Amino acid sequence: MSRPCDKMQEKIADYVLGILGKEESDTLAEHIDSCADCSQYVQALKNENRLLLQLSDKLDADMAIRQDKVIEALNRHSPTALTKVLSIWRIIMKNPITKLAAAAVIIVAALIVISQISGSTTAFAKVIENVVNAESISFLLKQQLGIQPAFICKMYIQGEKIRMDMVGAEGDQQGLEKLREEMKRRNLTAFQSMIGDFTAKEAMDLDHFRKTFKKRQLDDRTVAEFTRTNLVEQFRSIKPEDAERIGEELQNGRKIDVYLLRHVDIMGIKAELSGEEGQRMTVWVDRASSLPAKILLEASFHVEGKSKDWIEFSEFTWNEPFDEDLFSLQVPEGYNPAKL
Amino acid sequence: MNDRSDKDLVVSCLAEDKSAYKLLVRKHYKRVFLTCLGILGNVHDAEDMAQDTMLKGYIKIGMLRDGSKFGPWTARIAKSLCINFIRRKKYAKKIVAERIIDANRSVNQYDNLQLAIEQLPQETRAPLVMYYFDGQSVKKVAERLEMSKSTVYLKLRTAITELHNLLAKQGDSK
Ligand SMILES: [Zn+2]
């Protein structure tokens, strides 16, 4: 095989790539005319350049077929329950009222998990049913998504009505201390409230600092997405083998069983893809009542920077009826419409 | 084609609209595939990893905070999947060696070219693949690979001269 002159090789490459300046191109052309090796080299690179472009066309021709394959695979794929919970959670955070309903989603998920791992499905089915047809639940919810401070909310769910009181925040971000001071000064237990009625398809946001309110219609999709009957189906896919009883604790004299769900097969295709990232759910269950005492959902995801998100549910009360006033959509006295 | 922005499509995906994700696949597949091809060098492996990337994107879509970043986000997923793939299979050494033996039987000029591309070092292959297989825009390559334009030129120059050497060697061995 012939070699180009040492000084010329790079210039020839640039020439073929079309990035050699006019003057240099002219000098090169002169040299090529009188040098067989370099002339041959130019021809070879040009030929390869052409082949590469032809290969590009060839690859392009099959691109639609490759996409079809991906779409076929997508059609086969249905996400597992936990993935679904977390992605549902993201939508929820974009729409305040759905935050409320989401809590119910996760509780139902937890209950189904517990029923599956405890094995006593028949007995537990009844408990799930009770909660799905929720008479009343309240609990404390703490959630941290990314670098946001962890917000603490008190949730009340009763039938088709739901209320969330933002009661505080954790973290060392600036402003949080101010928030806490301000609440104390005004003698407030919550700085914002959201009240939703899924039967009336209406919601109201209250800002207790500014004394403003905002009323909203809940669209059919929001209502439908969180219709509880569907939720049960959504969580059927959690596999018992993903769960493990990892221990027991004593809390206020009550026996608590701790269950862990981990390495949930998020792809349904290849377990190794989830690798060290993934999501897990820890559920503390009161043994006597078979009801969750605490639920912790954690997700870590390393593609978009190392981040860990978590949602914790605690301080549950079950079936202790609340005053209907708590869910009233009447504007409280002294509150004005919020300006946009 | 569709005019909906990535951001808009990602929001629809969050509401479990699979058809929206399919549009994202149509829009972004080629770029993801070429990213994988740039790292792996082999078309079949790149197809597998591009598919895994798209599926993983679908599953993880809830983790994407800014829908307009769907492109760079999937590129990162593709990179991490490909790197894991290489690590897992001790890929580069063994499989390429097998294919060289194979290539002696093949007669197609494109096969030889693909084999040569596969043998290029990854850092010159990625710019070559992006440049030749996606519209020959140095600017685009520079953005995608987060390099300066002048670095891209340098790598391309190295890539085509290296490629020539590899092809010439193939010719000699026959
Ligand atoms: Zn010469």
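# Close-up views of a predicted two-chain model with a zinc ion

**View 1. The zinc ion has a tetrahedral arrangement of donors.** The angles subtended by the four donor atoms around the zinc ion run from 98 to 114°, which makes the arrangement tetrahedral (for four donors, all angles must lie between 85 and 135 degrees). In this predicted model, the ion is coordinated by A:Cys5 (SG), A:His31 (NE2), A:Cys35 (SG) and A:Cys38 (SG), at 2.1 to 2.4 Å. Donors are N, O and S atoms within 2.8 Å of the metal (3.2 Å for Na, K and Ca). Along the sequence, the donor residues follow the spacing C-x25-H-x3-C-x2-C.

**View 2. Two of the zinc donors, A:His31 and A:Cys35, are shown with their accessibility.** A:His31 is partly exposed, its relative accessible area being 22%, whereas A:Cys35 is buried at 12%. Buried means under 20% relative accessible area, exposed over 50%, and partly exposed in between (1.4 Å probe, protein chains only).

**View 3. B:Phe133 belongs to the largest nonpolar core.** Such a core is a set of buried Ala, Val, Leu, Ile, Met, Phe, Trp, Tyr and Cys residues joined through side-chain atoms within 4.5 Å. This one has 75 residues, and B:Tyr21, B:Phe33 and B:Phe133 have the most contacts inside it. Helix α2 (residues 18-40) of chain B supplies its largest share, twelve residues; helices are DSSP runs (H or I) of at least four residues. Neighbours within four places in sequence aside, the contacts of B:Phe133 (heavy atoms within 4.5 Å) include A:Leu52, A:Leu55 and A:Leu59 from chain A, and B:Leu34 and B:Ile117 from chain B.

**View 4. Confidence varies along chain A.** The predictor's confidence in each residue is given by pLDDT, from 0 to 100. Chain A has a mean pLDDT of 72, with 62% of its residues at 70 or more. Among its elements, helix α3 (residues 36-61) has the highest mean, 94, and helix α5 (residues 81-94) the lowest, 42. Over residues 79-100 of chain A, pLDDT stays under 50, although the model has 79 contacts beyond four places in sequence for this stretch. Where pLDDT is low, the predicted coordinates should not be read in detail.

**Notes.** Residues are numbered from 1 along each chain as its sequence is written, while chains are lettered from A and ligands numbered from 1 in the order in which they are written. Local features need pLDDT of at least 70, side-chain atom pairs count only at pLDDT 80 or more, and totals for chains, interfaces and linings use all residues; side-chain values use heavy atoms, leaving out hydrogens and water.

How values were computed
Four donors count as tetrahedral if all angles lie between 85 and 135 degrees; four count as square planar and six as octahedral if opposite donors are over 155 degrees apart and all others between 65 and 115; anything else is irregular. Helices (H or I, at least four residues) and strands (E, at least two) are DSSP runs, numbered from the N terminus.
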